[in-house]
Amino acid sequence: MKYEIDKLKEQANASLIDIVRQYVQLSPKGKEHVGLCPFHSDTTPSLQVNPDKGIWKCFSCGAGGSGAVSFVERIEGTQNDFISTMHRIAEILNTTLEKNEYHTSARREYVEPVDAPLFELKPFTREELVLLGSPQEKTKDENGTVSWQAVWKGEEMENVFSLYSVKSYTMPPTEPGKQSIKRYSSPIYPIFTYKYTDEETGNWGRIYLPKEKNGAKFYYWPTGTPHANDPLFGDRKAMEVFEKKRLNADGSRPLANLLLCSGGSDAINAYMNLKDEDENIPQVFVKSDSPDVPNYKTPLHVCWLGSETRGLSYPNFDTMRRTAVNLYICFDQDETGIAMQNRIALQYVDIRVVQLPEGMFVKSSGRNKDIRDYFKTYNYGGRNHKAKCADFAHRIFRSIAMRFWEGKKGCDGKFNGKYEILQDGVRQFANAKNIYTYVPQNTEDIQFVRVQGNLVTFIPEKTSVRLCVKRWKHTYSTLTSITTVT
C-alpha cells in the first residue's frame, strides 16, 4: 500500500514507540517508555517516550522532539533531507513512498514576461526557521494540547539579515520575445531570498535554495548584477557600515567585533545563538588591555563571503578591518573549510581563529562540520543548548590570531621596540603549516614532523623550523598515531 506524505506522517506518529524501538530498547514505565538515549553515552535510561502526547525527550542531554519524524531525522542525521527521512520511515513501517509525492524542486509555470525580478513573499513557517537552525520550544494551548514552536521569529530574519521566505518568484526572460518562468516554493522545497538596495544599481539580492540537490543553491538577481563579483554579506548593521566605509575611508571603526563565517546559515546561527536577551544583540567578552580593568562585553556582528572557496580578497579584508576593532574567522571543519580558514588567517595574520570542538567532523562521520551543526545536532559531551552558547562565546573570547608576536609596552604604555613570542600563537601558526609533534613508542623523545596527507616527514634536528619551535615544544599539539612515516 502506498501512502501520501501526510498520511505517512500520521501513521508514523501513531507508531512512535515501534519506530523508536528500531533504534532503542524500550521498557514501559507508567504511561511512558524509557530507554538508553542514543544521542550521548547514556548509562541509565534517560530517554522517555510518551505515545499519548507524541513526544520524546532525553532528560540528560536535552535531546527531544515531537513526533516520529523529528526522532528519525535526528538519529539518521537527515535534518536537511526530509525525503530521505520519510523513505526511512516508510521502510520501518514496511510500506513504500511515491518518489514524486512531493516536489523535490521548484514547481514552474510559464507566465507573461516581466521586466524586473518579481517576488511574492510570505511569512516564515516553523519548519523553515528550524531548517535555518532555530531551536524549538514546547508550548501548550488552552486545551492542554502540546505543540512545538520555533524560538526564532521570521521578523528577525527579515529585519536583521534581510532574508525573506518566498512563495513564488518570476525572473525576466533570458531572450526577447520569450515568456518568463514563475517558480513556486513548497513545504518540502522552501525558497529564500536575501534582498538589498543599492542607491546606484537599485534592488539586488541572492536566492537561496537549501534543498536543491542537482543544481546551484544560490542565484544572484538581477542577472549580471555587479554585486556578484566579490560580495561581502553581513547582518543589516554590518552591511550599512560596509557601505559607509567604502564611500568614506575615515579612521573610525564603528563595530567592536566582526565574525567572518563560511556562509549565511552559519552567520545566522552564530548571531542568533549568542544574542543577549537584554541587549537584543550578540555580546562577547573582550580581553582588557590593563590588568586593573576587568574583561568586558561588547557587541558582535557577523559577515560572510559569496563563496567559501573564493577566499577573502584584500578589498573585502580592508573593508572589514576599517569596520571593526576585532576580527574573527570560523569556517567549516571539513578539509576544504580548514584549508581556506588557515589560508585566510595566514594571509591576514590579525584575524583571530575561532576553533570549533576538535574532532567534531571526524567523530560524527562528517555529519557535523559547521557552526549550525554545532548548535543544532552535535552532541558535545551532553551539553544542552544554553551550555553550547556559553561555550561558543568562550571560544571567541579565547581565540588567537596567527600573528604569534606582540609588541611590548614600556611604563608609558607605548611600544618599546621589543617583541614577545606568544606560545599558543606559534603552536597555531605551525599547525596551520601542518607541523606537529610526535612521540615514538617506548621513548619520551619528542620528534617534529610535517604532515601532508598520509605522508609524514621528520624535521631534522638542526633545521631552522625545529630550532624556532624547540623552546615551546611542550605546548605543541601531539599526534597520537601515524600510519606512514618516511
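This report describes aromatic contacts, one helix, cysteines and a loop residue in a predicted model.

**Aromatic contacts**

Across the whole structure, 23 aromatic pairs are found. One of them joins tyrosine 196 and tryptophan 204 in a tilted arrangement, with ring centres 4.9 Å apart and an angle of 35° between the planes. Tyrosine 196 and tryptophan 204 are both buried. These two residues also belong to one aromatic cluster, which comprises Tyr194, Tyr196, Trp204, Tyr220, Phe233 and Trp304.

Tyrosine rings also receive charged side chains over their faces, as listed below for tyrosine 184 and tyrosine 374.

| Charged residue | Ring | Distance to ring centre |
|---|---|---|
| Arginine 107 | Tyrosine 184 | 4.2 Å |
| Lysine 388 | Tyrosine 374 | 5.7 Å |

**Helix 13 and its surroundings**

Lysine 388, placed over the face of tyrosine 374, is one of the buried residues of helix 13. The others are Cys389, Asp391, Phe392, Ala393, Arg395, Ile396 and Phe397. Helix 13 covers residues 385-397, a run of 13 residues. Because each residue should contribute 1.5 Å, the expected span is 18 Å, and the 19 Å between the end C-alpha atoms agrees with this.

At the N-terminal end of helix 13, asparagine 384 acts as a cap: one of its side-chain oxygens lies 3.3 Å from the backbone nitrogen of lysine 386. The buried residues of the helix pack against both strands and helices. The strands are strand 18 (255-261), strand 19 (283-286), strand 20 (296-305) and strand 21 (324-330). The helices are helix 8 (264-273) and helix 12 (371-376).

**Cysteines**

How many disulfides does the model contain? The count comes to 0. Cysteine 61 is in no disulfide, as the nearest cysteine sulfur, belonging to cysteine 58, is 3.7 Å away, whereas a disulfide requires sulfur atoms within 2.5 Å. With a relative accessibility of 7%, cysteine 61 counts as buried, the cut-off being under 20%.

Cysteine 303 is likewise in no disulfide; its nearest cysteine sulfur is that of cysteine 261, at 7.2 Å. Cysteine 303 has a relative accessible area of 0% and is therefore buried.

**Threonine 125**

Is threonine 125 buried or partly exposed? Its relative accessible area is 31%, so threonine 125 is partly exposed. This residue is found in the loop between strand 9 (118-122) and helix 5 (126-132). Threonine 125 and proline 190 are separated by 65 residues in sequence, while their C-alpha atoms are 9.7 Å apart in space.

How values were computed. Residues numbered from 1 in each chain as written. Predicted model: local features only at pLDDT ≥ 70, side-chain atom pairs only at ≥ 80, totals over all residues. Heavy atoms only, no water. Phe/Tyr/Trp six-rings, centres within 6.5 Å; stacked < 30°, edge-to-face > 60°. Buried < 20%, exposed > 50% of the residue type's maximum accessible area, 1.4 Å probe, protein only. Lys NZ or Arg CZ within 6 Å of the ring centre and 35° of its normal. Helix = DSSP H or I, 4+ residues; strand = E, 2+ residues; numbered from the N terminus. Expected span 1.5 Å × (residues − 1). Contact = heavy atoms within 4.5 Å. Polar contact = N/O pair within 3.5 Å; in protein donor to acceptor, adjacent residues only side chain to side chain.
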